[in-house]
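Please read this briefing with the sequence and the model open beside you. Each topic is set out in whole sentences, and terms are explained where they come up.

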Amino acid sequence: MKKTIIAAFSAFFLGMGAAQAEEERPITYEDICAMTKPGALPMPEAKKNELLLYVSTGIFCMDGEQSGAVKLLLEAGADPNAVDSEGKGALHHLSDGSGDFEADKCLDLLVKHGANVNIQDREGRTPLMIALANMDNVDGNYICHLLSSGADGNVRDHAGNVASQYVPIASGWDGSQIQCMEMYELLDSYGYIVDVHDKMALFYILRPFEEDNTYCSEEELRFLLRHGAETELECVFNTNEPLKWSMLDAIRRHPQYPDGKVLPMWRGIKDHERNIREKRYTTLKRLEEILLEHQHSTASPNPPPMTWEPFP
């Protein structure tokens, strides 16, 4: 859609009265200034709205230009809640991370002029959902800014998902586990629903990537369990065959799990390295205890009676 918007404005030129040039070019900040200056030819409202959506895609990368263009268009009468054919408004485009150079400033301007921070596209997605889904490319401060501007994490899309379900657990980039956990805790601090059910949160957030890494803290593990994280899952990776996965098994297979076989290797290790490894062993054992306690507390107190039927 963004390419469509950009292509639609590639024929715009200074003053809007000039004929199409021999070579098409994208519209610039200077063009916006010329179109909105006093005495310029009046623009139809639809054109103002299209320009606002165009600018919100992040076409400008110079300092002050994107927010400056947004300000000029809003003051010229552009609708801050205008949407494209997919139902996406300026806030949706700001929140996808493709042009977040001045996203915070543009957000403030749009909200000041009456933009609905919880506007939904044709699939029911809000700018907050879009930002969380693209948080590999979105500054975490922008997500905080959305929330402080009134973004509601309990709004559901047309599939029934809330904002927390858009957090991309398996994004695969370095540090993603930490940022995912921070987003969950941030949404929880606002009192919004945090749903990590069936998202393999424990696997992606707690698994070690290197031998010297440990799992998350006790507090983080308890937080995830409170919000529906599964300790045993059946999932499908690159094959069509389901894989059964257990968090307890993963902890017990950790290269630093204190199973008694690794302890003799400590001989000759420096004291500070020994203390670090001891702390990691203790952490793994504590996480194991928490998981066992959780499984015991959630076990059915009255399991269904077993039935036996003779072979035919």
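The points below cover confidence, salt bridges, an aromatic pair, a helix and a loop residue.

This is a predicted model, in which local features need pLDDT of at least 70 and side-chain atom pairs count only at pLDDT 80 or more, while totals for chains, interfaces and linings use all residues. Residues are numbered from 1 along each chain as its sequence is written, and side-chain values use heavy atoms, with hydrogens and water left out.

**Confidence**

- The chain has an average pLDDT of 78, and 68% of the residues score at least 70, where pLDDT is the predictor's confidence in each residue, from 0 to 100.
- Over residues 260-266 the pLDDT is below 50, and this stretch has eight contacts in the model beyond near neighbours in sequence, a contact being heavy atoms within 4.5 Å.
- Over residues 306-312 the pLDDT is also below 50, but here the model shows zero contacts beyond near neighbours in sequence.

**Salt bridges**

- Ten salt bridges are found in a search of the whole structure, the term meaning a side-chain nitrogen of Lys or Arg within 4 Å of a carboxyl oxygen of Asp or Glu.
- One of them joins the side chains of Lys-47 and Glu-50, with 3.9 Å from N to O.
- Lys-47 and Glu-50 are three residues apart in helix H3 (residues 45-56), and are therefore separated by about one helical turn; helices are DSSP runs (H or I, at least four residues), numbered from the N terminus.
- An α-helix has 3.6 residues a turn, so residues three or four places apart point the same way.
- Lys-47 is partly exposed at 32% relative accessibility, and Glu-50 is partly exposed at 34%, given that buried means under 20% relative accessible area, exposed over 50%, and partly exposed in between (1.4 Å probe, protein chains only).
- Arg-125 forms a salt bridge with Asp-121 at 2.9 Å, N to O, and here Arg-125 counts as buried at 19% relative accessibility, as does Asp-121 at 4%.
- Arg-125 also forms a salt bridge with Glu-123, whose closest N and O atoms are 3.8 Å apart.
- Elsewhere, Glu-218, Arg-286, Glu-289 and Glu-293 are joined into one network by salt bridges that share partners.

**Aromatic pair**

- The whole structure yields one aromatic pair, a pair being rings of Phe, Tyr and Trp (its six-membered ring) whose centres lie within 6.5 Å, with planes under 30 degrees apart counted as stacked, over 60 as edge-to-face and the rest as tilted.
- The rings of Tyr-190 and Tyr-192 have centres 6.1 Å apart and planes at 10°, so this pair is stacked.
- Tyr-190 is partly exposed at 35% relative accessibility, whereas Tyr-192 is buried at 16%.

**Helix H2**

- Asp-31, Ile-32, Ala-34 and Met-35 are buried in helix H2 (residues 29-36).
- These residues lie on the same side of H2, because they cover an arc of only 165° around the axis, the arc being that of the directions from the helix axis to the C-beta atoms.
- The buried residues of H2 pack against H3 and helix H4 (65-75).

**Thr-126**

- Thr-126 sits in the loop between helix H6 (103-112) and helix H7 (127-133), and Thr-126 is buried, with a relative accessible area of 1%.
- Apart from neighbours within four places in sequence, Thr-126 is in contact with His-92, Asn-118, Ile-119, Gln-120 and Val-155.

Definitions and conventions
Helices (H or I, at least four residues) and strands (E, at least two) are DSSP runs, numbered from the N terminus.
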